[in-house]
Amino acid sequence: MSRLTPDHIMKTIDLTNQLEANIRARQLRPGDSFFTVREASDFLDVAGMYANQALQLLEKRQIIRRRQSMRATIVEPQLRKETPFSHIYLFISELYYRYEGHAGEPLVRGLQEKFHGVTVSYCLLSSSLDTERALKTIQEVLVAESEAGFVLLSTSFAIQQIFSKSCLPVVIHGTPYSAITNIPNLERDYQAATKQIADWLRSRGRTRWAVLMRNIMHPGDHLALDLMRSQKEVNNDLPILFTGMEPEEISAQTETLFAGKKPPDAIICTSLLQAKAVEECLRAHNFAPYRDIDIVVRIYHQPDKENALYTHIELDIPLRNIGRKIANLLDRARSGGAIESELLPVKLYHTYRETE
């Protein structure tokens, strides 16, 4: 395939998917003949150029074999070449990466333990050009001789949708949008996390909770928010706040919690960045964290658990092991395995400041 526009790339992928569906519908078996370019063109009702590119991509997927001046034939599954991944692309929101951090090194090591010698590249997404970048990467992979896989972390619906149509090996490290049903994923157990936070706050006699969310929300955030709203301590008197990523904006939003006579006695933050801004605000109002008001963080990567600044929820599994799990899902996705979703265990870790 020559350099194509994003619309052309997506059209070629869609046409290829139609050809693959036709093979299944006709129950063609290994060795059976398949369309010529002209027949594919008639079936798809497109120009021969599009039909040829769709057949090329079908051959790239190792579903058919093409020979000059001969019909394509269906490939025997066991004869399909298992090419090791040479490259894995991690698509991640730049805001998430920059402000909330991502313990990538152990995760990358886990990937490389499964796929020896694989190159892992971060693709930071930050603008309206993100979809074009994703499509450009997809095109490069489609025409390359080597295999590549993709991992999506905190990406938009548009990015998930593009990859869901690509038929390339991809895993979502997080929660997929509801319309994305054909990509395997690993996500934290939000229900368990909410229960652990709620039980801990109740054990400390906290009855007036406030919740800080990011104003750019992903599916997992929506799920967490719904679970938090189900707790009776989160009520209409203490609004759920949505903040940006800048500390000044978080502080300004947090100030509104102290405008009334009864401030919250617990503030549940989404990120470490929010927690730090909240603490500054508490101290400005002469409140002491964990004496007067508890701070708990829902998403927090803290290697040194004993010296954690805040009580927080963290994945109760080494990040290296998550890398291995992602690698196994990528391997199964390449082989056309069942779409899997796995909940990752979580645990509440306490700050040393609770007892100060």
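Start by selecting helix α11, residues 272-284, in this predicted model. Helix α11 lies across four strands, β8, β9, β10 and β11. Now add β11 (294-297) to the selection and compare directions: α11 runs at about 170° to β11.

Next, bring up the sheet underneath. Six strands make an open sheet, and if you walk across it the order is β9-β8-β10-β11-β12-β14, with mixed pairing. Which strands sit at the edges? They are β9 and β14 (346-349), each pairing on one side only. As you step from one strand to the next, the twist averages 20°.

Zoom in on β8 and β10. These two pair in the parallel sense over three bridges. To see one residue pair, select Trp209, whose bridge partner in β10 is Ala266.

Another helix is worth a click here: α9 packs on the sheet, touching β8, β9 and β10, and its direction makes about 170° with that of β8. Colour residues 219-229 to see α9; its buried residues include Pro219, Gly220, Asp221 and Leu225. What do the buried residues of α9 pack against? Their partners are α8 (190-203), β8 (209-214), β9 (241-243) and β10 (266-269).

Last stop, the interior. In soluble globular proteins, nonpolar side chains tend to be buried together. Here the largest nonpolar core has 64 residues, and Ile88, Ile322 and Ile326 have the most contacts inside it. Pick Ile322 and look beyond its neighbours within four places in sequence: Ile322 is in contact with Leu107, His173, Leu186, Leu315, Ile317 and Leu344. Apart from that core lies another, of 25 residues, among them Ile9, Cys123, Phe163 and Ile183.

Note on methods:
Residues numbered from 1 in each chain as written. Predicted model: local features only at pLDDT ≥ 70, side-chain atom pairs only at ≥ 80, totals over all residues. Heavy atoms only, no water. Buried < 20%, exposed > 50% of the residue type's maximum accessible area, 1.4 Å probe, protein only. Contact = heavy atoms within 4.5 Å. Core = buried A, V, L, I, M, F, W, Y, C linked by side-chain atoms within 4.5 Å. Pairing = 2+ DSSP bridges. Axes fitted to C-alpha atoms, helices over the stretch in contact; angles between N-to-C directions.
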